Amino acid sequence: MSSFLVPPGGPYLLTHSVGCLPRVAREALDVNFLRPWADRGGNAWPDWLKQVDEFRFALAQLFGGTPAEYCPQSNLSSGLSKLLLALPDSHVGKQVLLAAEDSFPSLGFVLQKAGRQGLETRLIPRARVPDDIDTWSQALTADVRVALVTHVHSNTGRVAPVEAIARLCQERGILCVVDVAQSAGILPLRFPALGADVVLGSCIKWLCGGPGAGFLWIRSGLIEDLQPVDVGWFSHEDPFEMDIHSFRYAPDARRFWGGTPSVAPCVIAAASLRHLHTLGVEAIHAHNRRLIGTFKEALPPAWRARLPAWPIGGTLCISLGGEFDPVTRSLEQSGAQFDSRGDVIRVSFHACNTEDDALRVARAWPGDR
Ligand SMILES: Cc1ncc(COP(=O)(O)O)c(C=O)c1O
């Protein structure tokens, strides 16, 4: 029996959108969130806050660093907004926020709104491939203050050379922020080793933790320099002090938290993260590569040559061009659960998938064999 609740139908290939629910996470929601609420009402808070601590602990276990460097967020966009508003004022001549045009649009919208802070967004054109270090080196000019690097791009699967970009940023005094929405849980990853200043992520995709459990990791040496504006009592050094005349930032990443925290997403995600830790991200990655191999082997030969030739995260993004309709029709008839962006279809194999899934999708693909 799979340790995941896999939606019924054909092969589930949508982890790049929403990862399957682990059975243990469903139980955890009941045991660690709903039951304390039903049994103790307002007195459930100590149990609930312990669960948020568990979430931070599970993130540190999976991605390195200490729980103090992690702060829950509802999603990446809101984490990025808070981060930009928390930057110190004094950076004369460094007003550019740099990102690739292929970044997730939601984060691009946040960058553009920072125009109100006197910051200007510059996008590396799509035509200049964002996984090329020379492209980044040319783009990281003296006027860049923050570089937002998407680790794995959601519509191409391309992997950016994060460590090399982070090194350039460090040499040039640029704050390096990495989006791991599409890499966390599928590429083995330790945040402190990336060399970045801030990592933004969420648990909805390869971490199988559902919506609402976003997070911010901040390099510990940097935390003191950041002063978020969007705060609340849980950003305070002592949330229960309750003195309206005295706000002091929490000494750790919790300063990015805010008002009354949302708990249920953290409960679900903490259980999912523990489950992934038990399975092992290296093992999940190897499983993904095995299933991709099986899929390729079983595809009509003419299509094998059309698969991405660049390093990818977990998702195969396949451009169908003029054959979009026949291919998607045939896959739909087979019951496969996938999606598309323009003429590109996205196929993701995760721990919930089997060799049989990979064979079924490939065999449903129209073409000469
Ligand atoms: C690369 C990437 N970044 C970010 C997001 C989501 O951002 P947010 O959590 O702000 O909705 C996605 C979602 O598909 C994504 O693929």
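Analyst: Two strands count as a pair if DSSP finds at least two bridges between them. Also, this is a predicted model.

User: Okay! How many bridges join strand 10 to strand 12 then?

Analyst: There are 5 bridges between strand 10 and strand 12 (residues 344-348), and these two strands run antiparallel. One example is Cys-317, whose bridge partner in strand 12 is Arg-346.

User: Which sheet do strands 10 and 12 belong to, and in what order do its strands sit?

Analyst: They belong to an open sheet of 3 strands, ordered 10-12-11, with antiparallel pairing. Strand 10 (315-319) and strand 11 (339-341) are at the edges with a single partner strand each, so one side of each has no neighbour in the sheet. From one strand to the next, the twist averages 30°.

User: What about the sheet that has strands 3 to 9 in it? What's the order there?

Analyst: That open sheet has 7 strands, and their order is 3-9-8-7-6-4-5. Its pairing is mixed.

User: Why is one side of strand 3 and of strand 5 left without a neighbour?

Analyst: Because strand 3 (70-73) and strand 5 (120-124) stand at the edges, and each has a single partner strand. As for the turn between neighbouring strands of this sheet, it is 20° on average, ignoring direction.

User: Can we zoom in on strand 8? How does it run relative to strand 9 and to strand 7?

Analyst: Strand 8 (residues 198-202) and strand 9 (residues 214-218) run antiparallel and are joined by 5 bridges. Val-199 has Trp-217 of strand 9 as its bridge partner, and Ser-202 stands opposite Gly-214 of strand 9. With strand 7 (residues 175-179), strand 8 runs parallel, through 3 bridges. There, Val-177 has Val-198 of strand 8 as its bridge partner.

User: And how many residues of strand 8 are buried?

Analyst: 5 of its 5 residues are buried. Side chains in a regular strand alternate between the two faces of the sheet. In strand 8, Val-198, Leu-200 and Ser-202 are on one side, Val-199 and Gly-201 are on the other, and both faces are covered.

User: Switching to helices. What does helix 2 pack against?

Analyst: Helix 2 (residues 45-63) packs on the 7-strand sheet, touching strand 3 and strand 9. The direction of helix 2 makes about 120° with that of strand 3. Helix 2 also packs with helix 9 (residues 264-279), at an angle of about 30° and with the axes 8 Å apart.

User: Are helix 2 and helix 9 roughly parallel or roughly antiparallel?

Analyst: Roughly parallel. Angles under 35 degrees count as roughly parallel, and the angle here is about 30°. The crossing is left-handed.

User: Which residues of the two helices make that contact?

Analyst: From helix 2 they include Val-52, Phe-55, Ala-58, Leu-59 and Leu-62, and from helix 9 they include Val-267, Ala-270, Leu-273 and His-277. By class, the residues of the contact are 10 nonpolar, 3 polar and 2 charged.

User: How does helix 1 cross helix 2?

Analyst: The axes of helix 1 (residues 23-40) and helix 2 come within 9 Å and cross at roughly 165°. That makes the two helices roughly antiparallel. This crossing is left-handed. Helix 1 brings Asn-32, Phe-33, Pro-36, Trp-37 and Arg-40 to the contact, while helix 2 brings Asp-47, Trp-48 and Gln-51. These residues divide into 4 nonpolar, 2 polar and 2 charged. Gln-51 of helix 2 also takes part in the contact with helix 9.

User: Last topic, two single residues. Is Leu-87 buried or exposed?

Analyst: Buried, since its relative accessible area is 11% and buried means under 20%. Leu-87 sits in the loop between helix 3 (76-85) and strand 4 (96-100). Leaving out neighbours within four places in sequence, Leu-87 is in contact with Arg-145, Val-146, Leu-175 and Leu-226.

User: How far is Leu-87 from Pro-326?

Analyst: Their C-alpha atoms are separated by 50 Å, and along the chain the two are 239 residues apart.

User: And where is Thr-328, and what does it touch?

Analyst: Thr-328 is in helix 12 (residues 324-333). Not counting residues up to four places away in sequence, Thr-328 touches Leu-320, Phe-338 and Ile-345. At 7% relative accessibility, Thr-328 counts as buried.

Methods: Residues are numbered from 1 along each chain as its sequence is written. This is a predicted model: local features need pLDDT of at least 70, side-chain atom pairs count only at pLDDT 80 or more; totals for chains, interfaces and linings use all residues. Side-chain values use heavy atoms; hydrogens and water are left out. Helices (H or I, at least four residues) and strands (E, at least two) are DSSP runs, numbered from the N terminus. Axes are lines fitted to C-alpha atoms, for helices over the stretch in contact, and angles run from 0 to 180 degrees between N-to-C directions. Contact means heavy atoms within 4.5 Å. Angles under 35 degrees count as roughly parallel, over 145 as roughly antiparallel, 65 to 115 as roughly perpendicular and the rest as oblique. A crossing is left-handed if the near helix is turned anticlockwise from the far one by less than a right angle, and right-handed if clockwise. Ala, Val, Leu, Ile, Met, Phe, Trp, Tyr, Cys and Pro count as nonpolar, Asp, Glu, Lys and Arg as charged, and the others, Gly among them, as polar. Buried means under 20% relative accessible area, exposed over 50%, partly exposed in between (1.4 Å probe, protein chains only).
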